[in-house]
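Subject: Handover of a structure and the findings so far

Dear colleague,

Please find below the structure that I am handing over to you. The notes that follow it describe what was found there, and I would ask you to read them with the structure open.

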Amino acid sequence: MSSRKSKFPLAELIKSLTPITWIGRLMLAGVIVWFIDWVLAEGETLFGSRPLKTVVDVASALAFIPLAYFLVRGARWIAGNLLWRVRRRLIVTYLLVGALPLLLMVALLTLVLLAVLAQSSVNLVGRQLDGYLEQSQAAARAISHDLNRLDAASFGAERLRRRLQERADSLGPIFPDVTLIVSQNDGAGGVHKTNGYGLDVTVRGPSSENVADGAAAGNLPPPALTSQPPQWLLSRLDGDREFHGLVVEEDRFARRRIHALHVIKLERQPATVFQLSYPISENLCAHLSHTTDLDVKPATANFPLILTPRGPQPDVEIAERTGGFQGGGWPIFKPVAEWRTGDVRQNEALRVDPSFIQPARIYQRIQQFKSGSAIGSAVVFGLAVLVVFFLLITLAAVIYAVVLTSSITGAVHYLYEGTMKVEAGDLDHEIPITGRDQLAGLTRSFNRMTGSIRKLLRVSAEKQRLDQEMKIAAAVQSRLFPRSIPKSERLDIAKGVCIPARSVSGDYYDLLEVAPGVIGVVVADVCGKGVSAALMMANLQANLRGQTRAYLDAYKSGALPLVMEANPAQRVVERVNQQVAGSMMDASFITLFYAEFDERSSKLRYTNAGHNPPLLFCNERRDGEDVRRLGVGGTVLGIFCDTEFEEEEIELRSGDTLVAFTDGLIEARNPLGEEFGEDRLIEVLLENAGLSAAELEKRVLRAVEDWTAEAEQEDDLTLLILRVR
């Protein structure tokens, strides 16, 4: 066997060539798979199978992961060997210190210039649009003034149509696709008259010749602008007699179009209204593009803004309903009114193509600026001189840095020798300090760092111990909550849930056996969070269980009638308050809801000590309410030991549901800072009214989880639901 082994060492050769690390083996496997794919693949198949070819292609692509790993390792090895000496590293450092700030400064200046250019361009287009609106407003007022001066004979439909058509033809080159409308109403709701003594005259100016016939037809005003005005506009005309602004409406093809609209109520009888409108269309945008040298496109007002304490924010609800921002340029926001409702919001009226910030366009503008005048040429030449000057300064700084390295490397050598012991793990070793220069300061900093590391290790060990103790405390606290649900023939009880905001909670809930056939229900909230609240919660739990145990013993000893006559829920809360008041910290208190349900009489006796009122959902409407809040009781626990509380008794019927919770549930916030709220809780419970108590609990917790999303939990959350069978 040994002779054959020495004669044919094939196995040993293969073993020696096999990589010893798992990343190397993965790379070898990838190379083998790639080789098989390269040799045996036939077009898009491998061994006649397309899925197998896909799997092999993916495996071959994954081989690049270990290849990238080895490339990084190789680059690090080369850098470590070539730049091991401090002299070379300092040279590279000075190069980076000299070059990188310059590059960052140039990049920052470029970004600032681009931002200024973009903002100024958008503002330019916005001002041009405002100018058009002001001109059209002045034209509308001038025409309405002329119409007011016409006598009755000149106010006939044909003569008026000719006069308006002349005005429309003159305004057409300025305001493409302009529409002029004069209409009368009978004063009873603003209904247009198309016969009789009333009139309805509509004329349109010529369309721009650079737009195809189909596009020009699409620029006609929607039917709504030529039909009955909405009530909000009529009310506006009754007060101000004029409306000027942008409106948006959907045409018969469900396309949202923005129009500039000027409506003026004339001082004539019968009531007469004059309208001047034109679409914010491709034709008008062509005018704006010509005057601003920017590519301007019309928008569809699908992205409204609302004012919030954090500034203008998009109205997500309307944006989703109307399609949202469609992209295609930078939006220009203007006040736009919805034609049907009259709601005015900041909305996108135009879009500017961002191609004007491309380097080629910027270079073209620079050349235009340079060739435009002698001043422009001088400015460009001055900027070029400054760039060369800065480059020369940078080069001088790099050369000077290389010279300085020779005075540093000597001291660094001694520092390196002193740090070797610390690198070996001797954190008690301190490097001797020599000299008074900055390297000596570095040595002092290094010694302080080793001391800080020693302290940090001690603090870390202490923190680990505290974390372990907190885990134990959380485990102990979890045993304070009910571990089983009391058996009840009348009640369907959910197991209850308490979700702490930190490791331990200040909330408390419990299900107690107060007497045979009597179940106690407890939900409490200790002011604060964390360990202090958890300790006060444990004290409350011990006192409360002690009191209920005393009543249970009273029941078992035959004193049931005495206990029933003495308002047990009220007495329990008062005695618990007396016991916890002496142990409470300053400015601390406890809110508590305590109730007892008697299965034989189906009556619920409760006392609320300043807690969020639980919700009682009545299966049958009582006192005109479906939902009743149980708030009878008194103030919070732990402030005054002699506080008196009240008790209320309610008869529960089949199908009634009691939901008790802490403020951590209704005050749960979503990422926008909005609270879940009691109304939303009631809505979830009413939607799932037919479910069992356990299912109701799941639905409520799921609704709260969906509401909060990724937001951090701010307070402990407790929920307890029981339902009368």
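Helices and strands are named here as DSSP runs, a helix having at least four residues and a strand at least two, and they are numbered from the N terminus. Please also bear in mind that this is a predicted model.

**The largest pocket**

With those names in hand, we may begin with the largest pocket, where the largest share of the lining, 9 residues, comes from α6. The space in this pocket is about 1,000 Å³. Its lining is made of 21 residues, and those closest to the centre are Leu109, Thr110, Leu113, Ile366 and Leu383. Three helices, α6 (86-149), α13 (359-372) and α14 (374-423), each give at least two residues to the lining. What is the character of the residues in this lining, nonpolar, polar or charged? There are 19 nonpolar residues, 1 polar residue and 1 charged residue.

**A nonpolar patch on the surface**

Nonpolar residues also form a patch on the surface, with an area of about 1,000 Å². Among its members are Leu28, Trp34, Phe35, Trp38, Phe47 and Leu52. Helix α3 (residues 22-40) supplies the largest share of the patch, namely 8 residues. Trp38 is one of the patch residues, and its place is in helix α3. The relative accessible area of Trp38 is 59%, so this residue counts as exposed.

**Salt bridges**

The model holds 21 salt bridges. Three of them may serve as an introduction.

Consider the pair Glu249 and Arg340, whose side chains form a salt bridge with an N to O distance of 2.5 Å. Why does this pair tie together separate parts of the sequence? Glu249 belongs to strand β5 (residues 242-250), while Arg340 sits in the loop between β11 (330-338) and β12 (344-352), so the bridge links parts that are 91 residues apart in sequence. Is each partner buried or exposed? Glu249 is buried, at 4% relative accessibility, whereas Arg340 is exposed, at 56%.

A second pair is Arg545 and Asp510, whose side chains meet in a salt bridge of 2.7 Å, N to O. Arg545 lies in helix α16 (residues 530-556) and Asp510 in strand β15 (residues 507-515), so this bridge ties together parts that are 35 residues apart in sequence. Arg545 is partly exposed, with a relative accessibility of 31%, while Asp510 is buried, with a value of 0%.

There is also a network: salt bridges with shared partners join Glu282, Asp295 and Lys297. Within this network, Asp295 forms a salt bridge with Lys297, and their closest N and O atoms are 3.9 Å apart. Asp295 is partly exposed, with a relative accessible area of 31%, and Lys297 is partly exposed as well, at 34%.

**Residues distant in sequence**

Two further pairs show how the chain brings distant residues together. Asp177 and Tyr278 are 101 residues apart in sequence, yet their C-alpha atoms are 5.7 Å apart in space. Asp177 is placed in the loop between α7 and β3 (179-184), and it is buried, at 4% relative accessibility.

The other pair is Gly156 and Leu199, with their positions 43 residues apart in sequence and 8.2 Å between their C-alpha atoms. Gly156 is found in the loop between α6 and α7 (157-171). With a relative accessible area of 25%, Gly156 counts as partly exposed.

**Backbone angles to examine**

Finally, I would draw your attention to the backbone angle phi. Most residues other than glycine have a negative phi. Which value does Arg241 have? Its phi is positive, near 70 degrees, although Arg241 is not a glycine. Arg241 lies in the loop between α10 (231-239) and β5, and it is partly exposed, with a relative accessible area of 32%.

Ser602 likewise has a positive phi, of about 55 degrees. This residue belongs to the loop between β17 (590-598) and β18 (603-609). Ser602 has a relative accessible area of 6%, and a residue is called buried under 20%, so Ser602 counts as buried.

Yours sincerely,
A colleague

How values were computed: Residues are numbered from 1 along each chain as its sequence is written. This is a predicted model: local features need pLDDT of at least 70, side-chain atom pairs count only at pLDDT 80 or more; totals for chains, interfaces and linings use all residues. Side-chain values use heavy atoms; hydrogens and water are left out. On a 1 Å grid over the protein atoms alone, a cavity is a set of points where a 1.4 Å probe fits but cannot get out, and a pocket is an open set with protein on both sides within 12 Å along at least five of seven lines; lining residues have an atom within 4 Å of a point. Grid points are joined across faces, edges and corners, and a volume is the space filled by probe spheres set on the points. Ala, Val, Leu, Ile, Met, Phe, Trp, Tyr, Cys and Pro count as nonpolar, Asp, Glu, Lys and Arg as charged, and the others, Gly among them, as polar. Patches are made of residues with over 30% relative accessible area and no salt bridge: like charges are joined within 9 Å, nonpolar side chains (Val, Leu, Ile, Met, Phe, Trp, Tyr) within 5 Å. Accessible areas come from the Shrake-Rupley method with a 1.4 Å probe; for residues, only the protein chains shown count as cover. A salt bridge is a side-chain nitrogen of Lys or Arg within 4 Å of a carboxyl oxygen of Asp or Glu. Buried means under 20% relative accessible area, exposed over 50%, partly exposed in between (1.4 Å probe, protein chains only).
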